[in-house]
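Good morning, and thank you for the opportunity to present at this meeting. I would ask you to look at the model on the screen while I describe it.

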Amino acid sequence: MDPHSQSTPETRAESRSLDDIVFRKLNATDHAAFEAHLLALDPDSRRSRFGMTATDAFLEQYAARCITLNAIIHGAFLGEELIGAAEMRPVGDFIAEEAEIAFSVRQDWRNCGIGSVLFARVLRSARNRGFVRLYMSCLKHNAPMRALARKFSAEIHVEFDEAVALVEPPRQTIISLLREVFDEASAFTAIALDWQRRAILGREPRNGDVRPQKPAA
Ligand SMILES: CC(C)(COP(=O)(O)OP(=O)(O)OC[C@H]1O[C@@H](n2cnc3c(N)ncnc32)[C@H](O)[C@@H]1OP(=O)(O)O)[C@@H](O)C(=O)NCCC(=O)NCCS
(Lines give C-alpha, C1' and ligand atoms only; values in the text may rest on other atoms or scores of the structure.)
Protein backbone atom coordinates (compact mmCIF):
# COMPACT_ATOMS: atom_id res chain seq x y z
CA MET A 1 0.00 0.00 0.00
CA ASP A 2 1.20 3.52 -0.72
CA PRO A 3 2.08 4.91 2.72
CA HIS A 4 0.75 8.32 1.79
CA SER A 5 -2.41 7.27 0.02
CA GLN A 6 -4.53 8.56 2.89
CA SER A 7 -2.98 11.98 2.98
CA THR A 8 -3.42 13.41 -0.49
CA PRO A 9 -4.50 17.04 -0.76
CA GLU A 10 -7.92 15.81 -1.97
CA THR A 11 -8.54 13.99 1.27
CA ARG A 12 -7.39 16.84 3.52
CA ALA A 13 -9.07 16.44 6.88
CA GLU A 14 -11.14 19.62 6.80
CA SER A 15 -12.78 18.89 10.12
CA ARG A 16 -9.54 18.95 12.09
CA SER A 17 -8.45 22.30 13.42
CA LEU A 18 -5.02 23.45 14.54
CA ASP A 19 -6.85 25.52 17.20
CA ASP A 20 -7.09 22.27 19.18
CA ILE A 21 -3.33 21.73 19.13
CA VAL A 22 -0.70 23.06 21.53
CA PHE A 23 2.78 23.28 20.03
CA ARG A 24 5.69 23.15 22.45
CA LYS A 25 9.10 21.60 22.96
CA LEU A 26 9.36 18.25 24.69
CA ASN A 27 11.25 17.77 27.94
CA ALA A 28 12.26 14.71 29.99
CA THR A 29 8.74 14.36 31.42
CA ASP A 30 7.38 13.82 27.90
CA HIS A 31 9.24 10.54 27.38
CA ALA A 32 6.09 8.39 27.66
CA ALA A 33 4.16 10.62 25.22
CA PHE A 34 7.03 10.52 22.71
CA GLU A 35 7.34 6.74 22.97
CA ALA A 36 3.56 6.30 22.56
CA HIS A 37 3.60 8.55 19.49
CA LEU A 38 6.34 6.50 17.82
CA LEU A 39 4.74 3.16 18.73
CA ALA A 40 1.42 4.32 17.26
CA LEU A 41 3.00 4.79 13.81
CA ASP A 42 1.98 2.00 11.43
CA PRO A 43 4.69 -0.06 9.66
CA ASP A 44 4.66 2.12 6.51
CA SER A 45 4.96 5.32 8.54
CA ARG A 46 7.79 3.81 10.60
CA ARG A 47 9.61 2.95 7.40
CA SER A 48 9.01 6.46 6.04
CA ARG A 49 10.24 8.04 9.25
CA PHE A 50 13.30 5.85 9.89
CA GLY A 51 14.07 4.62 6.39
CA MET A 52 13.89 1.04 7.61
CA THR A 53 11.66 -1.44 9.41
CA ALA A 54 11.37 -0.23 13.01
CA THR A 55 10.28 -2.73 15.64
CA ASP A 56 8.56 -1.77 18.90
CA ALA A 57 11.77 -2.62 20.79
CA PHE A 58 13.79 -0.33 18.53
CA LEU A 59 11.30 2.53 19.00
CA GLU A 60 11.28 2.12 22.80
CA GLN A 61 15.07 2.32 22.89
CA TYR A 62 15.09 5.21 20.43
CA ALA A 63 12.57 7.22 22.50
CA ALA A 64 14.56 6.67 25.70
CA ARG A 65 17.84 7.70 24.05
CA CYS A 66 16.47 10.56 22.11
CA ILE A 67 14.76 12.49 24.84
CA THR A 68 17.91 12.57 26.96
CA LEU A 69 20.40 13.44 24.24
CA ASN A 70 21.05 16.95 22.99
CA ALA A 71 18.16 16.76 20.55
CA ILE A 72 15.49 19.43 20.48
CA ILE A 73 12.06 17.93 19.86
CA HIS A 74 9.13 20.11 18.97
CA GLY A 75 5.77 18.52 19.64
CA ALA A 76 2.14 18.97 18.64
CA PHE A 77 -0.15 17.98 21.51
CA LEU A 78 -3.84 17.19 21.36
CA GLY A 79 -4.66 17.30 25.04
CA GLU A 80 -1.98 15.14 26.61
CA GLU A 81 -1.40 13.09 23.48
CA LEU A 82 1.55 13.82 21.26
CA ILE A 83 0.31 13.68 17.68
CA GLY A 84 3.29 15.21 15.88
CA ALA A 85 7.01 15.50 16.51
CA ALA A 86 9.90 17.25 14.81
CA GLU A 87 13.36 16.26 15.98
CA MET A 88 16.52 18.28 15.48
CA ARG A 89 19.82 16.70 16.37
CA PRO A 90 23.22 18.40 15.98
CA VAL A 91 25.60 16.55 13.70
CA GLY A 92 29.12 16.21 15.10
CA ASP A 93 30.59 17.83 18.17
CA PHE A 94 29.35 20.33 20.74
CA ILE A 95 29.80 23.36 18.54
CA ALA A 96 28.17 21.74 15.53
CA GLU A 97 26.88 24.05 12.82
CA GLU A 98 24.75 21.39 11.18
CA ALA A 99 21.81 19.39 12.40
CA GLU A 100 19.66 16.56 11.18
CA ILE A 101 15.88 16.92 11.29
CA ALA A 102 13.06 14.37 11.12
CA PHE A 103 9.28 14.53 11.31
CA SER A 104 6.33 12.33 12.20
CA VAL A 105 2.62 13.16 12.38
CA ARG A 106 -0.13 10.77 13.45
CA GLN A 107 -1.86 9.34 10.37
CA ASP A 108 -5.33 10.78 11.03
CA TRP A 109 -3.90 14.27 11.55
CA ARG A 110 -1.82 14.44 8.38
CA ASN A 111 -2.35 17.04 5.72
CA CYS A 112 -3.82 19.51 8.24
CA GLY A 113 -0.72 21.71 8.46
CA ILE A 114 0.90 20.20 11.58
CA GLY A 115 4.06 19.23 9.70
CA SER A 116 4.32 22.78 8.36
CA VAL A 117 4.01 24.38 11.81
CA LEU A 118 6.60 21.96 13.21
CA PHE A 119 8.96 22.64 10.30
CA ALA A 120 8.72 26.40 10.86
CA ARG A 121 9.45 25.94 14.56
CA VAL A 122 12.44 23.68 13.92
CA LEU A 123 13.79 26.22 11.48
CA ARG A 124 13.45 28.99 14.04
CA SER A 125 15.14 26.89 16.76
CA ALA A 126 17.98 26.13 14.35
CA ARG A 127 18.32 29.79 13.48
CA ASN A 128 18.37 30.81 17.15
CA ARG A 129 21.08 28.24 17.92
CA GLY A 130 23.30 29.27 15.04
CA PHE A 131 22.92 26.15 12.89
CA VAL A 132 23.75 27.05 9.33
CA ARG A 133 22.56 23.87 7.61
CA LEU A 134 19.84 21.34 8.29
CA TYR A 135 19.63 17.94 6.64
CA MET A 136 16.60 15.76 6.31
CA SER A 137 16.68 12.39 4.62
CA CYS A 138 13.64 10.47 3.48
CA LEU A 139 12.71 7.80 0.99
CA LYS A 140 12.70 8.97 -2.61
CA HIS A 141 8.95 8.37 -3.01
CA ASN A 142 7.92 10.24 0.15
CA ALA A 143 5.89 12.92 -1.66
CA PRO A 144 4.38 14.63 1.45
CA MET A 145 7.80 15.08 3.06
CA ARG A 146 9.31 16.38 -0.13
CA ALA A 147 6.37 18.78 -0.57
CA LEU A 148 6.86 19.96 3.00
CA ALA A 149 10.61 20.47 2.57
CA ARG A 150 10.04 22.39 -0.68
CA LYS A 151 7.68 24.79 1.12
CA PHE A 152 10.65 25.82 3.24
CA SER A 153 12.92 26.28 0.23
CA ALA A 154 14.88 23.10 0.77
CA GLU A 155 17.30 21.98 -1.90
CA ILE A 156 16.49 18.33 -2.56
CA HIS A 157 19.05 15.81 -3.83
CA VAL A 158 17.95 12.36 -4.86
CA GLU A 159 20.29 9.37 -4.80
CA PHE A 160 19.17 5.77 -5.31
CA ASP A 161 16.27 5.22 -2.90
CA GLU A 162 16.91 8.28 -0.75
CA ALA A 163 16.16 12.00 -1.00
CA VAL A 164 18.19 14.42 1.09
CA ALA A 165 16.78 17.89 1.72
CA LEU A 166 19.11 20.71 2.68
CA VAL A 167 17.78 23.86 4.35
CA GLU A 168 19.82 26.91 5.31
CA PRO A 169 18.15 28.78 8.18
CA PRO A 170 18.43 32.59 8.20
CA ARG A 171 20.58 34.25 10.89
CA GLN A 172 19.07 34.78 14.32
CA THR A 173 17.61 38.13 15.29
CA ILE A 174 16.34 39.44 18.60
CA ILE A 175 12.82 39.00 17.22
CA SER A 176 13.34 35.32 16.34
CA LEU A 177 14.80 34.72 19.83
CA LEU A 178 11.92 36.49 21.57
CA ARG A 179 9.29 34.67 19.48
CA GLU A 180 10.68 31.30 20.53
CA VAL A 181 10.65 32.27 24.21
CA PHE A 182 7.17 33.78 23.91
CA ASP A 183 5.73 30.69 22.19
CA GLU A 184 7.03 28.37 24.91
CA ALA A 185 5.61 30.63 27.63
CA SER A 186 2.23 30.75 25.82
CA ALA A 187 2.15 26.96 25.49
CA PHE A 188 2.75 26.49 29.22
CA THR A 189 0.06 29.05 30.01
CA ALA A 190 -2.37 27.09 27.80
CA ILE A 191 -1.49 23.87 29.63
CA ALA A 192 -1.91 25.50 33.05
CA LEU A 193 -5.34 26.87 32.03
CA ASP A 194 -6.35 23.46 30.72
CA TRP A 195 -5.37 21.77 34.01
CA GLN A 196 -7.26 24.43 35.94
CA ARG A 197 -10.36 23.99 33.79
CA ARG A 198 -10.29 20.22 34.20
CA ALA A 199 -9.88 20.61 37.95
CA ILE A 200 -12.85 23.00 38.13
CA LEU A 201 -15.14 21.23 35.65
CA GLY A 202 -13.94 17.76 36.60
CA ARG A 203 -14.12 16.66 32.96
CA GLU A 204 -12.52 16.95 29.53
CA PRO A 205 -13.21 20.19 27.61
CA ARG A 206 -16.35 20.28 25.43
CA ASN A 207 -17.52 22.49 22.61
CA GLY A 208 -18.74 25.74 24.08
CA ASP A 209 -16.10 25.89 26.84
CA VAL A 210 -13.81 28.90 26.60
CA ARG A 211 -10.57 27.73 25.05
CA PRO A 212 -7.17 28.85 26.31
CA GLN A 213 -5.40 31.31 24.00
CA LYS A 214 -3.61 29.57 21.15
CA PRO A 215 0.11 30.39 21.16
CA ALA A 216 1.16 32.66 18.30
CA ALA A 217 2.46 30.75 15.24
C1 LIG B 1 5.74 13.95 6.18
C2 LIG B 1 4.75 14.32 7.28
C3 LIG B 1 5.52 14.65 8.56
C4 LIG B 1 3.96 15.57 6.83
O5 LIG B 1 3.16 16.00 7.91
P6 LIG B 1 1.77 16.77 7.67
O7 LIG B 1 1.28 17.25 8.97
O8 LIG B 1 0.88 15.91 6.88
O9 LIG B 1 2.27 18.02 6.80
P10 LIG B 1 1.41 19.28 6.28
O11 LIG B 1 -0.04 18.98 6.43
O12 LIG B 1 1.93 20.51 6.93
O13 LIG B 1 1.86 19.38 4.76
C14 LIG B 1 1.93 18.27 3.93
C15 LIG B 1 2.19 18.78 2.52
O16 LIG B 1 2.36 17.64 1.70
C17 LIG B 1 1.44 17.71 0.63
N18 LIG B 1 1.06 16.35 0.30
C19 LIG B 1 0.36 15.48 1.07
N20 LIG B 1 0.22 14.33 0.44
C21 LIG B 1 0.86 14.47 -0.77
C22 LIG B 1 1.08 13.61 -1.85
N23 LIG B 1 0.67 12.34 -1.85
N24 LIG B 1 1.79 14.10 -2.91
C25 LIG B 1 2.26 15.37 -2.91
N26 LIG B 1 2.09 16.23 -1.87
C27 LIG B 1 1.40 15.78 -0.83
C28 LIG B 1 0.30 18.51 1.15
O29 LIG B 1 -0.47 19.07 0.11
C30 LIG B 1 1.00 19.55 1.98
O31 LIG B 1 1.49 20.63 1.19
P32 LIG B 1 0.66 22.03 1.12
O33 LIG B 1 0.57 22.54 2.52
O34 LIG B 1 1.49 22.87 0.21
O35 LIG B 1 -0.69 21.68 0.56
C36 LIG B 1 3.73 13.16 7.52
O37 LIG B 1 3.20 12.78 6.28
C38 LIG B 1 4.35 11.94 8.20
O39 LIG B 1 4.42 11.86 9.43
N40 LIG B 1 4.82 10.95 7.41
C41 LIG B 1 5.40 9.70 7.98
C42 LIG B 1 6.80 9.95 8.53
C43 LIG B 1 7.69 10.57 7.48
O44 LIG B 1 7.58 10.28 6.30
N45 LIG B 1 8.65 11.41 7.91
C46 LIG B 1 9.56 12.04 7.00
C47 LIG B 1 10.92 11.44 7.03
S48 LIG B 1 11.84 12.09 8.39
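I shall begin with the model as a whole, then turn to the strands, the ligand and some single residues.

Please keep in mind that this is a predicted model. The mean pLDDT of the protein is 84, and 84% of the residues reach a score of at least 70. Where is confidence lowest, and where is it highest, among the elements? Helix 6, residues 174–201, has the lowest mean, at 80, whereas helix 1, residues 31–39, has the highest, at 97. I would also draw attention to residues 1–12, where pLDDT stays under 50. For that stretch the model has 13 contacts beyond four places in sequence.

Next, the overall arrangement. The protein contains six helices and seven strands. Along the sequence, these elements follow the order β-α-α-α-β-β-β-α-β-α-β-β-α. The protein has 217 residues, of which 29% count as buried. If we take the contacts between residues at least 6 apart in sequence, 68% of them join residues at least 24 apart.

Let us now follow strands 2, 3 and 4. Strand 2 covers residues 72–78, and strand 3 covers residues 81–91. These two strands run antiparallel and are joined by seven bridges. They form a hairpin with two residues between the strands, and in this hairpin G79 has a positive phi near 60 degrees. Strand 3 also pairs with strand 4, again in the antiparallel sense, over eight bridges. One residue of strand 3 lets us see both pairings: E87 stands opposite I73, and its bridge partner in strand 4 is A102.

I72 in strand 2 deserves a closer look. Is I72 buried or exposed, or does it fall between the two? It has 18 C-beta neighbours inside 10 Å, and a residue needs 20 or more to be buried, so I72 counts as partly exposed. Leaving aside residues up to four places away in sequence, I72 touches K25, M88 and S125. I72 and I101 are 29 residues apart in sequence, and their C-alpha atoms are 9.5 Å apart in space.

We come to the ligand. How many residues surround the ligand? There are 27, and the closest are S48, R110, G115, S116 and A143. Several elements each supply at least two residues of this shell: helix 2 (43–50), strand 4 (98–105), helix 4 (114–128), strand 5 (133–139) and helix 5 (143–151). Which of the helices gives the most to the shell? That is helix 5, with six residues. By class, the shell has 13 nonpolar, eleven polar and three charged residues.

Helix 4, one of the contributors to the shell, has 15 residues. From its first C-alpha to its last it reaches 21 Å, close to the 21 Å expected at 1.5 Å a residue. Its buried residues are I114, G115, L118, F119, R121, V122, L123, S125, A126 and R127. Two of these names have appeared already: G115 is among the residues closest to the ligand, and S125 is touched by I72. After helix 4 comes G130, with a positive phi near 80 degrees.

Two further residues have a positive phi without being glycine. N111 has a phi near 65 degrees and is found in the loop between strand 4 and helix 4. S153 has a phi of about 60 degrees and is placed in the loop between helix 5 and strand 6 (155–159). Why does N111 count as buried? It has 21 other C-beta atoms within 10 Å, and 20 or more are required, so N111 is buried. S153 has 11 C-beta neighbours inside 10 Å, and because the limit is 12 or fewer, S153 counts as exposed.

My last residue is L39, which lies in helix 1. With 13 C-beta neighbours inside 10 Å, L39 counts as partly exposed. Beyond residues up to four places away in sequence, L39 touches D56 and L59. L39 and D56 are 17 residues apart in sequence, yet 6.2 Å apart in space, C-alpha to C-alpha.

Thank you for your attention.

Technical notes: Residues are numbered from 1 along each chain as its sequence is written. This is a predicted model: local features need pLDDT of at least 70, side-chain atom pairs count only at pLDDT 80 or more; totals for chains, interfaces and linings use all residues. A residue is near a molecule or strand if its C-beta atom, placed from the backbone, lies within 6 Å of it. Helices (H or I, at least four residues) and strands (E, at least two) are DSSP runs, numbered from the N terminus. Ala, Val, Leu, Ile, Met, Phe, Trp, Tyr, Cys and Pro count as nonpolar, Asp, Glu, Lys and Arg as charged, and the others, Gly among them, as polar. The expected span of a helix is 1.5 Å times one less than its number of residues. Two residues are in contact if their C-beta atoms, placed from the backbone, lie within 7 Å. Two strands pair if DSSP finds at least two bridges between them. pLDDT is the predictor's confidence in each residue, from 0 to 100.
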